[in-house]
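Colleague: Could you take me through one part of this model in some detail? I would like to follow a single strand and see what surrounds it.

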Amino acid sequence: SWKQSIVIKNEWNQHSCMISSTFNDLLSNNIQGVSRGFRLNLDLVGVGYKVQLGQSVDGQPLPLLEARYKNKYGDHFKEYLDEFLEGKDSVQNLTLKLGFSHDIYLDIPEGVTVICPKYSSLILTGNQKDTLSQFAAKIRSYRLPEPYKGKGILFKNEVIRRKQGKN
């Protein structure tokens with residue numbers, strides 16, 4: 001265990017104190033990210049809520065491309081799809097099924113690693129705390145936890161204060 005220190009040689013006032021605290025926190029987060037990394041666990045609570053890892057090409061999820069090519073070319077769509085995909089890079093994405101009439105596809109940002117141990121849980125890891133937190137907030141924004149039934153996307157060990165419904 002080692003300590004870090006920051007020395008500011010300007011006059012000490014409230015503004016410089018705030019700036020030094022912010023700088024200290026950012027530096028501490030970067031050091032922790034490089035040495036240990038950050039980890040966020042998300043749970044999907046609700047009937048039929050699922051998450052899967054998938055692939056996307058040019059921002060289009062692979063299942064949607066396959067369906068589009070199958071409708072257009074019939075049984076021989078694989079040949080045309082392989083021709084389209086040749087030489088293009090595929091990116092990992094998340095497929096969220098959250099009770100909407102459509103699936104939600106999210107491209108995973110660079111520097112974030114996603115593991116799906118079960119259909120109803122996610123583990124996000126990365127070196128940059130801000131990128132990781134922003135991606136987790138984006139996932140969570142599709143189904144925020146609601147206080148009446150307790151459904152939604154929750155952080156691990158998060159407690160939702162439940163409200164009593166009408167009787």
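What follows is a walk along one strand, its sheet, the core and the salt bridges.

Colleague: Please take a close look at strand β4, where Asn93 has its place. What is Asn93 in contact with, leaving aside its neighbours within four places in sequence?

Modeller: Happy to. A word on the ground rules: this is a predicted model, in which local features need pLDDT of at least 70 and side-chain atom pairs count only at pLDDT 80 or more, while totals for chains, interfaces and linings use all residues. Residues are numbered from 1 along each chain as its sequence is written, and side-chain values use heavy atoms, with hydrogens and water left out.

Let me begin with the sheet. Helices (H or I, at least four residues) and strands (E, at least two) are DSSP runs, numbered from the N terminus. Two strands pair if DSSP finds at least two bridges between them. Four strands form an open sheet in the order β3-β2-β4-β5, with antiparallel pairing. Its edge strands are β3 (60-61) and β5, each pairing on one side only. On one side, β4 pairs with β2 in the antiparallel sense over eight bridges; Lys50, for instance, has Lys97 in β4 as its bridge partner. With β5, the antiparallel pairing of β4 runs over four bridges. Along that seam, Asn93 is the bridge partner of Asp107, Leu94 has Leu106 as its partner, and Leu96 stands opposite Ile104. The hairpin of β4 and β5 has six residues between the strands, and there Gly99 takes a positive phi near 85°.

Now to your residue. Asn93 counts as buried, at 1% relative accessibility (buried means under 20% relative accessible area, exposed over 50%, partly exposed in between, with a 1.4 Å probe and protein chains only). Contact means heavy atoms within 4.5 Å. Leaving aside neighbours within four places in sequence, Asn93 is in contact with Gln52, Leu53, Gly54, Gln55, Ser56, Pro61, Tyr105, Leu106, Asp107 and Ile108. The Asn93 side chain also reaches the backbone nitrogen of Gln55, at 3.4 Å.

The partner strand β5 has two faces: Ile104 and Leu106 are on the covered one, Tyr105 and Asp107 on the uncovered one. Helix α4 lies across β4 and β5, running at about 175° to β5 (axes are lines fitted to C-alpha atoms, for helices over the stretch in contact, and angles run from 0 to 180 degrees between N-to-C directions).

That brings us to the core. A nonpolar core is a set of buried Ala, Val, Leu, Ile, Met, Phe, Trp, Tyr and Cys residues joined through side-chain atoms within 4.5 Å. The largest one has 20 residues, of which Leu94, Val114, Leu124, Phe135 and Ile139 touch the most other members. At least two residues of this core come from each of β1 (38-45), β4 (90-97), β5 (104-107), β6 (112-118), β7 (121-126) and α4 (129-140). The largest share, four residues, is supplied by α4. Leu124, again leaving aside neighbours within four places in sequence, is in contact with Phe38, Arg39, Leu40, Leu42, Thr113, Val114, Leu132, Phe135, Ala136 and Ile139. Apart from this core lies another, of five residues, including Val57, Leu65, Phe77 and Leu81.

Finally, the charged pairs. A salt bridge is a side-chain nitrogen of Lys or Arg within 4 Å of a carboxyl oxygen of Asp or Glu, and the count comes to three. In one of them, the side chains of Asp43 and Lys156 meet at 3.8 Å, N to O. Asp43 lies in strand β1 and Lys156 in the segment after β8 (152-155), so this pair ties together parts 113 residues apart in sequence. Lys156 is partly exposed, at 45%.

Asp58 and Lys88 also meet in a salt bridge, at 3.1 Å, N to O. Asp58 is in the loop between β2 (50-57) and β3, and Lys88 is in the loop between α3 (77-85) and β4, 30 residues apart. Asp58 is exposed at 53%, whereas Lys88 is partly exposed at 34%.

Arg140 and Glu158 form a salt bridge too, at 2.8 Å, N to O. Arg140 lies in helix α4 and Glu158 in the segment after β8, so the pair ties together parts 18 residues apart in sequence. Arg140 is buried, with a relative accessible area of 15%, while Glu158 is partly exposed at 28%.

Conventions
A polar contact is a pair of N or O atoms within 3.5 Å; within protein, one must be able to donate a hydrogen and the other to accept it, and residues adjacent in sequence count only if both atoms are side-chain atoms.
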